[in-house]
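Please open the structure in a viewer and keep the selection tool at hand. The tour below proceeds by selections, one stop at a time.

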Amino acid sequence: MKNMDAKDPVEAELFYRFLKEEGIGEIYRTQETPKPQANPAPAAATGAKNDLLMLRDTVLKCAKCAELAATRKSVVFGSGNVTAALMFVGEAPGYEEDVQGLPFVGPAGQLLTKIIESIGLERKQVFIANVLKCRPPQNRTPQPEEILNCEPYLREQIERITPRVLCAFGTFAAQTLHKTGENISSMRGRFYDYHGAKLLCTYHPAYLLRNPGEKRKVWEDMKKIRQELGEAV
Ligand code: URA
């Protein structure tokens, strides 16, 4: 734990766990007391789920981007809690995500799981999606036209889920949601407004795998998100 200059021992411990590359089960546990619920499935959750399932049916049939529709194995709609207070948005599915039809299940996804757990949450409590729902061949960068085609789906997902906090990973997600040409380094670390939700942009987990020295900055960003969420989760 050299060079972390954390004065608070709790923070030091959490940061240490955030940096750990193995032992997910040992990472900061979430609160175990279940929240009391009047009904197992509140009406709002059922409504949001139905709305999202209808949107999903549309997205799964999408063929607006001819190349992506021809080369994909799956359409990766997104997964998680349909009434999540926190939603993560990445760039586009990679190889593993295309095979499994789920977002962030490859190496970057494993790091994302640790990032989520480092702030005391579980993957099933948040919603995870991407700007593009189809994998660009060879993981090439998304084309402007593909983003234009796919962005309405992301916008509708956000409208239906109504997260309190949105976290955009990497330049593409940040620029798509914040509508700017700024790079991620200048955008990261502060909240913007996204139609009433708080939008925080930060480095992509895949970038962190290549640049582990930048994890500290993402940890700082995650603490801001945790603070903003407060008792919401
Ligand atoms: N990178 C992303 O941006 N999204 C995924 O789902 C996986 C890797």
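What follows is a tour of a predicted model, with stops at the ligand, its pocket and a cavity.

**Stop 1: the ligand and its shell**

Select the ligand first, then display the residues around it: Gly90, Glu91, Ala92, Glu97, Pro103, Phe104, Asn130 and His204. Coloured by class, this shell separates into three nonpolar, three polar and two charged residues.

**Stop 2: polar contacts of the ligand**

Next, show the backbone atoms of Glu91 and Ala92. A polar backbone atom of Glu91 lies 2.7 Å from an oxygen atom of the ligand. At Ala92, a polar backbone atom is 3.0 Å from a nitrogen atom of the ligand. Then add the side chain of His204, where an N or O atom is 2.8 Å from an oxygen atom of the ligand. A surface calculation completes this view: on its own the ligand has 230 Å² of accessible area, and the protein covers 91% of that area.

**Stop 3: the pocket that holds the ligand**

Which pocket does the ligand sit in? The ligand occupies the second largest pocket, which holds about 580 Å³ of space. Its lining comprises 27 residues, and those closest to the pocket centre are Glu91, Ala92, Ala108, His204 and Ala206. Glu91, Ala92 and His204 are thus met again here, having already appeared in the shell around the ligand.

Now select the helices that each supply at least two residues of this lining:

- H4, residues 95-100
- H5, residues 107-118
- H7, residues 170-178
- H8, residues 184-187
- H9, residues 205-210

Which helix gives the most to the lining of this pocket? The answer is H9, with four residues. Colouring the lining of the second largest pocket by class gives 13 nonpolar, nine polar and five charged residues.

**Stop 4: the cavity**

Leave the pocket and turn to enclosed space. Across the whole structure, a search finds one cavity of 30 Å³ or more. The largest cavity has a volume of about 110 Å³. To centre the view on this cavity, select Cys62, Cys65, Arg72, Cys134 and Cys150, which lie nearest its centre among the 15 lining residues. Helix H3 (66-71) and helix H6 (144-161) are the elements that contribute two or more residues to this lining. H6 provides the largest share, three residues. By class, the lining of the largest cavity consists of eleven nonpolar, one polar and three charged residues.

Methods
Residues are numbered from 1 along each chain as its sequence is written. This is a predicted model: local features need pLDDT of at least 70, side-chain atom pairs count only at pLDDT 80 or more; totals for chains, interfaces and linings use all residues. Side-chain values use heavy atoms; hydrogens and water are left out. A residue is near a molecule or strand if one of its heavy atoms lies within 4 Å of it. A polar contact is a pair of N or O atoms within 3.5 Å; within protein, one must be able to donate a hydrogen and the other to accept it, and residues adjacent in sequence count only if both atoms are side-chain atoms. Accessible areas come from the Shrake-Rupley method with a 1.4 Å probe; for residues, only the protein chains shown count as cover. On a 1 Å grid over the protein atoms alone, a cavity is a set of points where a 1.4 Å probe fits but cannot get out, and a pocket is an open set with protein on both sides within 12 Å along at least five of seven lines; lining residues have an atom within 4 Å of a point. A molecule sits in a cavity or pocket if more than half of its atoms lie within 2 Å of its grid points. Ala, Val, Leu, Ile, Met, Phe, Trp, Tyr, Cys and Pro count as nonpolar, Asp, Glu, Lys and Arg as charged, and the others, Gly among them, as polar. Grid points are joined across faces, edges and corners, and a volume is the space filled by probe spheres set on the points.
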